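Q: Please take a close look at one part of this model: the salt bridges. Go through the pairs one by one, then tell me what surrounds them.

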Amino acid sequence: QVQLVESGGGLVQAGGSLRLSCAASGRTSSLFAMGWFRQAPGKEREFVARINLISGSTLYAESVKGRFTISRDNPRNTQYLQMNSLKPEDTAVYYCAATRDYCTGYGCSGATKYNYWGQGTQVTVSS
């Protein structure tokens, strides 16, 4: 089993920045990739970004490309999501996710591809 704990959410004005962290514990050596999803009120959970823990390759949703950066620190078993130029439409609960299953490209963007989930952290962007 793997446990994921997010931190770093909060309230920020439009145009501002936040950095989310996700610390993994347990059988982290079994993981293939980690990612971030978000869910706004009344909407479905959507893919934000993902990183391959072996190669470091990344994938982003079009809505965040160029503004968000996903990274990982393997020795610390931690991934990060640097969010810049935040917009009110980025307001959501952000979830850290991890998978032990191989996937490539946008095949890694579906929520069902991920085996483990964090509890979520609220990000609110005011206009």
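A: Buried means under 20% relative accessible area, exposed over 50%, and partly exposed in between (1.4 Å probe, protein chains only). The model is predicted: local features need pLDDT of at least 70, side-chain atom pairs count only at pLDDT 80 or more, and totals for chains, interfaces and linings use all residues. Residues are numbered from 1 along each chain as its sequence is written, and side-chain values use heavy atoms, without hydrogens or water.

Start with the count. The whole structure holds five salt bridges (a side-chain nitrogen of Lys or Arg within 4 Å of a carboxyl oxygen of Asp or Glu). Three of the pairs are described here.

Take R38 and E46. Their side chains form a salt bridge, 2.6 Å from N to O. The two ends sit in unlike settings. R38 counts as buried because its relative accessible area is 5%. E46 counts as partly exposed because its value is 34%.

Next come D90 and R67. Here the N to O distance is 2.7 Å. This bridge ties together distant parts of the chain, 23 residues apart. D90 lies in the loop between strand 8 (78–83) and strand 9. R67 lies in the loop between strand 6 (58–60) and strand 7 (68–73). Strands are DSSP runs (E, at least two residues), numbered from the N terminus. Both partners, D90 and R67, are buried.

The third pair is R76 and D73. Their side chains meet at 3.1 Å, N to O. R76 is exposed, because 61% of relative area is accessible. D73 is partly exposed, because its relative accessibility is 22%. As for the wider picture, R38, E46, R67 and D90 are joined into one network by salt bridges that share partners.

Now the surroundings of R67. This residue is one of the contacts of M83 (contact: heavy atoms within 4.5 Å). Setting aside neighbours within four places in sequence, M83 also touches G16, S17, L18, L20, F68, Y94 and V123. M83 belongs to the largest nonpolar core, which has 39 residues. Such a core is a set of buried Ala, Val, Leu, Ile, Met, Phe, Trp, Tyr and Cys residues joined through side-chain atoms within 4.5 Å. L4, W36, L81, M83 and Y94 are the members that touch the most others. Strand 9 (residues 92–99) gives the most to this core, with five residues.

The loops add detail. S85 sits in the loop between strand 8 and strand 9, where D90 is also placed. Phi of S85 is positive, near 50°, and the residue is not a glycine. S85 is partly exposed because its relative accessible area is 42%. N77 tells a similar story in the loop between strand 7 and strand 8. Its phi is positive too, about 55°, again without being a glycine. N77 counts as partly exposed because its relative accessible area is 29%.

Finish at the far end of the chain. S127 is in the segment after strand 11 (121–126). With 88% relative accessibility, S127 is therefore classed as exposed. Leaving out residues up to four places away in sequence, S127 touches A14 and P88. The C-alpha atoms of S127 and T99 are 35 Å apart, with their positions 28 residues apart along the chain.

Notes: Helix = DSSP H or I, 4+ residues; strand = E, 2+ residues; numbered from the N terminus.
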